[in-house]
Amino acid sequence: MFDGSYHFQKVDDQISHGKKYFERLITFKFKTDPSQFARRGRIYIVEVEKYTNNIYVIKYYPKYLKGSSKRFNILTGEHRCSRIVATCLKIMLYLLKKDKFANFGFLGSTSYDPVNRIKENRRNTKRFRIYRRAIENTFGEKQFSHFEDINNSTYLVLNNNNDGHEDISESANKMFEYLFPDLEP
């Protein structure tokens, strides 16, 4: 299901200055193929936020939504989810080659349908279910330990090359509580 991906390229790598937990922002982009839903391919931006303990959080959105506060939530109706998620997985594998201690996290954003103005509940979101399946199929339990919070649609994948999973997991929980105060305790 997540086999085909788009060609991506790294476009920026900025060090963070003064933000708690946040170390750097690595930006990638890729372009989708034309389809019946979009005559021209769309450019997508993938933002990889690197936090303490080598935790990389992957976020993506269509470039045309860059200025929108709902850029991570809006459903585009393009029906390209599997290839877009596969591209994000390839970026994660690229990062793992660069950092053998990389850990990954994600928050399955609530979907927003702008036409009907319907917003999804935070618990077990559609995106969370898709991402979880993709992560489980890509990152096996031999190399990674998996931690999920269905109520908040968050997922943490800890690299078994790291010592002290419990310390990293505890630190990650504190970090996520600080970064996303709206999440349930």
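Before I come to strand β4, let me say that strands here are DSSP runs of E with at least two residues, numbered from the N terminus. Ile-55, the residue I would like to begin with, lies in strand β4, and please keep in mind throughout that what we are looking at is a predicted model.

Ile-55 has a relative accessibility of 0%, and it therefore counts as buried. If we set aside residues up to four places away in sequence, Ile-55 touches Glu-49, Lys-50, Asn-103, Gly-105, Leu-156, Ile-168, Ala-172 and Met-175. For a sense of distance, Ser-5 is 50 residues from Ile-55 in sequence, and their C-alpha atoms are 23 Å apart in space.

Let me now step back to the chain as a whole. Its secondary structure comes to three helices and nine strands, and, read from the N terminus, the elements follow the order β-β-β-β-α-β-β-β-α-β-β-α. The radius of gyration is 16 Å, close to the 16 Å that the globule rule gives for 185 residues, so the chain is as compact as a globular protein of that length. Along the principal axes, the C-alpha trace spans about 50 × 35 × 35 Å. Buried residues account for 43% of the 185 residues, and, of the contacts between residues at least 6 apart in sequence, 53% join residues that are at least 24 apart.

That brings me to the interior. In soluble globular proteins, nonpolar side chains tend to be buried together. In this model the largest nonpolar core has 30 residues, and the members that touch the most other members are Val-46, Val-48, Leu-95, Phe-104 and Phe-139. Two or more residues are given to this core by each of β2 (22–31), β3 (43–51), β4, α1, β5, α2 and β9, with the largest share, eight residues, coming from α1. To take one of those well-connected members, Leu-95 is in contact with Ile-26, Phe-28, Val-48, Tyr-56, Ile-58 and Phe-104, once its neighbours within four places in sequence are left aside. Apart from this core lies another, of 10 residues, and here we meet our opening residue again, since among its members are Phe-22, Ile-55, Met-175 and Phe-176.

Next, I would like to turn to helix α2, which covers residues 126–138. This helix has 13 residues and reaches 19 Å from its first C-alpha to its last, close to the 18 Å expected at 1.5 Å a residue. Which of the residues in α2 are buried? They are Arg-127, Phe-128, Tyr-131, Arg-132, Ala-134 and Ile-135. Seen down the axis of α2, the buried residues fall within an arc of 170°, so they line one face of the helix. As a reminder, an α-helix has 3.6 residues a turn, so residues three or four places apart point the same way. The cover over the buried residues of α2 includes β4 (55–62), α1 (81–98), β5 (103–107), β8 (144–149) and β9 (154–159).

Finally, a word on the cysteines. How many disulfides does a search of the whole structure find? The search finds zero. Cys-81 is in no disulfide, and the nearest cysteine sulfur, which belongs to Cys-88, is 9.5 Å away. Why is there no bond from Cys-88? Its sulfur is 9.5 Å from the closest cysteine sulfur, in Cys-81, and that is too far for a bond, given that a disulfide needs the two sulfur atoms within 2.5 Å. As for their surroundings, Cys-81 is partly exposed, at 34% relative accessibility, whereas Cys-88 is buried, with a relative accessible area of 7%.

Definitions and conventions
Residues are numbered from 1 along each chain as its sequence is written. This is a predicted model: local features need pLDDT of at least 70, side-chain atom pairs count only at pLDDT 80 or more; totals for chains, interfaces and linings use all residues. Side-chain values use heavy atoms; hydrogens and water are left out. Helices (H or I, at least four residues) and strands (E, at least two) are DSSP runs, numbered from the N terminus. The expected span of a helix is 1.5 Å times one less than its number of residues. Buried means under 20% relative accessible area, exposed over 50%, partly exposed in between (1.4 Å probe, protein chains only). The arc is that of the directions from the helix axis to the C-beta atoms. Contact means heavy atoms within 4.5 Å. A nonpolar core is a set of buried Ala, Val, Leu, Ile, Met, Phe, Trp, Tyr and Cys residues joined through side-chain atoms within 4.5 Å. The radius of gyration is taken over C-alpha atoms; the globule rule is 2.2 Å times the number of residues to the power 0.38.
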